[in-house]
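Reader: I am new to reading protein models, and I would like to go through this one slowly. Could you take my questions in turn?

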Amino acid sequence: VGDIVEVEEDETFPCDLILLQSSREDGTCFVTTASLDGESNHKTHYTVPDTESDLQYLSATIECEQPQPDLYKFVGRMHIYNNRQEPDVRSLGPENLLLKGANLKNTQKICGVAVYTGMETKMALNYQGKSQKRSAVEKSINAFLLVYLFILVSKALVCTTLKYVWQSKHDEPWYNEKTQKEKDTNL
């Protein structure tokens with residue numbers, strides 16, 4: 001936050017920026033926000049009035065609201081310090097804010113100051129994780145599969161337990177009886 005960022009045509013904005021300077025003479029730039037709201041038309045944004053033409057000599061502070069997910073709402077003000085005692089105050093609105101994820105179009109380059117970065121950008125605040133869309137039939141089948149799996153595991157445990165109980169009482173099964181010679185060799 002507070003860094004001056006330069007973005008060239010067809011690049012994506014890396015964070016939420018306040019537009020300070022544009023290569024267009026009228027102080028505007030055009031932006032597409034298709035990745036944010038699905039609209040592919042060009043939106044016009046305006047520079048803050050009366051900022052220095054050379055940003056190296058700009059001395060200003062920005063006050064703005066806490067990050068909010070609403071893409072079309074922004075309130076802030078910029079105090080521009082000149083040689084005078086009292087700073088010039090300029091109001092900032094959504095027409096001055098360039099959102100992360102939007103693309104610069106039909107403008108060679110712009111310079112802006114970062115106001116929201118990381119998880120505070122409007123794009124990050126609007127992100128919703130992938131929701132799983134499953135039908136009621138699919139959910140009920142999952143429940144039936146869990147019950148069926150429980151029945152199979154319990155059946156296997158009961159059968160294994162009965163096998164070892166039966167083997168502890170009987171030496172050999174009746175269908176696999178060994179002769180005396182085979183019994184003597186196994187001992």
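Author: Before the sheet is described, one term is needed: two strands pair if DSSP finds at least two bridges between them. Please also keep in mind that this is a predicted model.

Reader: In what order do the strands of the open sheet of three strands lie?

Author: The pairing in this open sheet is antiparallel, and the edge strands, each of which pairs on one side only, are E4 (39–46) and E9 (103–105). Neighbouring strands of the sheet are turned against each other by 40° on average, with direction ignored. Read across the sheet, the order is therefore E4-E3-E9.

Reader: Which residue in E9 is the bridge partner of Val-31?

Author: Strand E3 covers residues 28–33, and it is joined to E9 by three bridges, the two strands running antiparallel. In E9, the residue that partners Val-31 is Leu-104.

Reader: Is Lys-43 buried or exposed?

Author: The side chain of Lys-43 meets that of Glu-39 in a salt bridge, with 3.1 Å from N to O. Glu-39 has a relative accessibility of 35% and so counts as partly exposed. For Lys-43 the relative accessibility is 18%, and because buried means under 20%, Lys-43 counts as buried.

Reader: How many residues apart in sequence are the parts that Arg-77 and Glu-63 tie together?

Author: Side chains of opposite charge can pair when their charged atoms come close. Arg-77 forms a salt bridge with Glu-63, and their closest N and O atoms are 2.9 Å apart. Since Arg-77 lies in strand E6 (residues 76–80) and Glu-63 in strand E5 (residues 60–64), the pair ties together parts whose separation in sequence is 14 residues.

Reader: With which residue does Lys-73 form a salt bridge?

Author: Lys-73 is partly exposed, with a relative accessible area of 37%, whereas its partner is buried, at 17%. The closest N and O atoms of this pair are 3.9 Å apart, and the partner of Lys-73 is Glu-65.

Reader: What is the area of the nonpolar surface patch that includes Leu-149?

Author: Leu-149 is found in helix H3 (residues 136–169), and at 49% relative accessibility this residue counts as partly exposed. Together with Leu-146, Val-153 and Leu-157, Leu-149 makes a nonpolar surface patch of about 410 Å².

Reader: How far apart are the end C-alpha atoms of residues 143–166?

Author: In the unreviewed UniProt entry, the annotation "transmembrane region" covers residues 143–166. Over these residues the chain is 100% helix and 0% strand, and the distance between the end C-alpha atoms is 35 Å.

Definitions and conventions
Residues are numbered from 1 along each chain as its sequence is written. This is a predicted model: local features need pLDDT of at least 70, side-chain atom pairs count only at pLDDT 80 or more; totals for chains, interfaces and linings use all residues. Side-chain values use heavy atoms; hydrogens and water are left out. Helices (H or I, at least four residues) and strands (E, at least two) are DSSP runs, numbered from the N terminus. Axes are lines fitted to C-alpha atoms, for helices over the stretch in contact, and angles run from 0 to 180 degrees between N-to-C directions. Patches are made of residues with over 30% relative accessible area and no salt bridge: like charges are joined within 9 Å, nonpolar side chains (Val, Leu, Ile, Met, Phe, Trp, Tyr) within 5 Å. Accessible areas come from the Shrake-Rupley method with a 1.4 Å probe; for residues, only the protein chains shown count as cover. A salt bridge is a side-chain nitrogen of Lys or Arg within 4 Å of a carboxyl oxygen of Asp or Glu. Buried means under 20% relative accessible area, exposed over 50%, partly exposed in between (1.4 Å probe, protein chains only). UniProt positions are given in the numbering used here, feature names are shortened, and annotations may be inferred rather than shown by experiment.
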